[in-house]
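Q: I should like to learn how surface and helix features are read from a set of coordinates. Could we work through one example together?

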Amino acid sequence: LVDDAHLLEAEALQYLVQVAVQPGGWHLILAGDEGLEPQLRILQARLKQENLFHTITVHPFAEDELQGFFIF
C-alpha cells in the first residue's frame, strides 16, 4: 500500500507498477489524489497493459461515522 502515490517521481511509480504486473508480482494499492489517474493511464499505455488500474473514490468519514467505525 502506497499512500500519496501522486507525489512519487515518475520513475519510482513506473518501477512499482512494473514489479506489480510481472508474474508473481506484488499486490499493489496506490492511494493518491486525482493527479494519480493520468499518470497511471500513461504507464498503462507505455507498458502496453489493459486494466492496469481501477479507481475508487473515497470520502472522509463524518465525525459520527468515524466514531461508529471504531466501536468494537
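Q: Which residues form the negative surface patch?
A: In this predicted model, D3, D4, D33 and E34 make up a negative patch on the surface. A residue can join a patch only with over 30% relative accessible area and no salt bridge. D3 sits in the segment before helix 1, which spans 10-21, and D3 is exposed, its relative accessible area being 57%. D4 is found in the segment before helix 1 as well, and D4 is partly exposed at 39%. Both values are over the 30% cut-off, so D3 and D4 meet the accessibility condition.

Q: What is the sign of phi in D4?
A: As a general idea, most residues other than glycine have a negative phi. D4 has a phi near 55°, a positive value in a residue other than glycine. K48 also has a positive phi, near 55°, and is likewise not a glycine. K48 belongs to the loop between helix 2 and helix 3, where K48 counts as exposed, with 75% relative accessibility.

Q: Which residues of helix 2 are buried, and how are they arranged around the axis?
A: The general idea is that an α-helix has 3.6 residues a turn, so residues three or four places apart point the same way. Helix 2 comprises residues 36-46, and L36, L40, L43 and Q44 are buried there. Viewed down the helix axis, these buried residues of helix 2 fall within an arc of 105°, so they line one face of the helix. Buried here means under 20% relative accessible area.

Q: Which exposed residues are carried by the face of helix 2 turned away from its buried side?
A: That face carries A45 and R46, which are exposed. A45 may also serve as a reference point for a distance: from its C-alpha to that of H27 is 20 Å, with the two positions 18 residues apart in sequence numbering. H27 is located in the loop between helix 1 and helix 2, and H27 is exposed, having a relative accessible area of 82%.

Q: How many salt bridges does the structure hold, and which side chains meet?
A: For this reading, a side-chain nitrogen of Lys or Arg must lie within 4 Å of a carboxyl oxygen of Asp or Glu. The structure holds one salt bridge. The side chains of R41 and E37 meet in it, at 2.6 Å from N to O. R41 and E37 are four residues apart in helix 2, which means that about one helical turn separates them. R41 is partly exposed, with a relative accessible area of 46%, and E37 also counts as partly exposed, at 28% relative accessibility.

Q: Where is H54, and is it buried or exposed?
A: H54 lies in the loop between helix 2 and helix 3. H54 counts as exposed because its relative accessibility is 66%, and the cut-off for exposed is over 50%. A distance relates H54 to helix 2: the C-alpha atoms of H54 and L40 are separated by 9.8 Å, the two residues being 14 residues apart along the chain. L40 is one of the buried residues of helix 2.

Q: Which residues form the nonpolar patch on the surface?
A: The nonpolar patch consists of F61, L66, F69 and F70, which together have about 430 Å² of accessible area. F61 is found in the loop between helix 2 and helix 3, the latter being residues 63-69. F61 counts as partly exposed, at 48% relative accessibility. This value is over the 30% needed for a patch, so F61 meets the accessibility condition.

Conventions
Residues are numbered from 1 along each chain as its sequence is written. This is a predicted model: local features need pLDDT of at least 70, side-chain atom pairs count only at pLDDT 80 or more; totals for chains, interfaces and linings use all residues. Side-chain values use heavy atoms; hydrogens and water are left out. Patches are made of residues with over 30% relative accessible area and no salt bridge: like charges are joined within 9 Å, nonpolar side chains (Val, Leu, Ile, Met, Phe, Trp, Tyr) within 5 Å. Accessible areas come from the Shrake-Rupley method with a 1.4 Å probe; for residues, only the protein chains shown count as cover. Lys and Arg count as positive and Asp and Glu as negative; His and the chain ends are not counted. The place of a charge is taken as NZ of Lys, CZ of Arg, CG of Asp or CD of Glu. Helices (H or I, at least four residues) and strands (E, at least two) are DSSP runs, numbered from the N terminus. Buried means under 20% relative accessible area, exposed over 50%, partly exposed in between (1.4 Å probe, protein chains only). The arc is that of the directions from the helix axis to the C-beta atoms.
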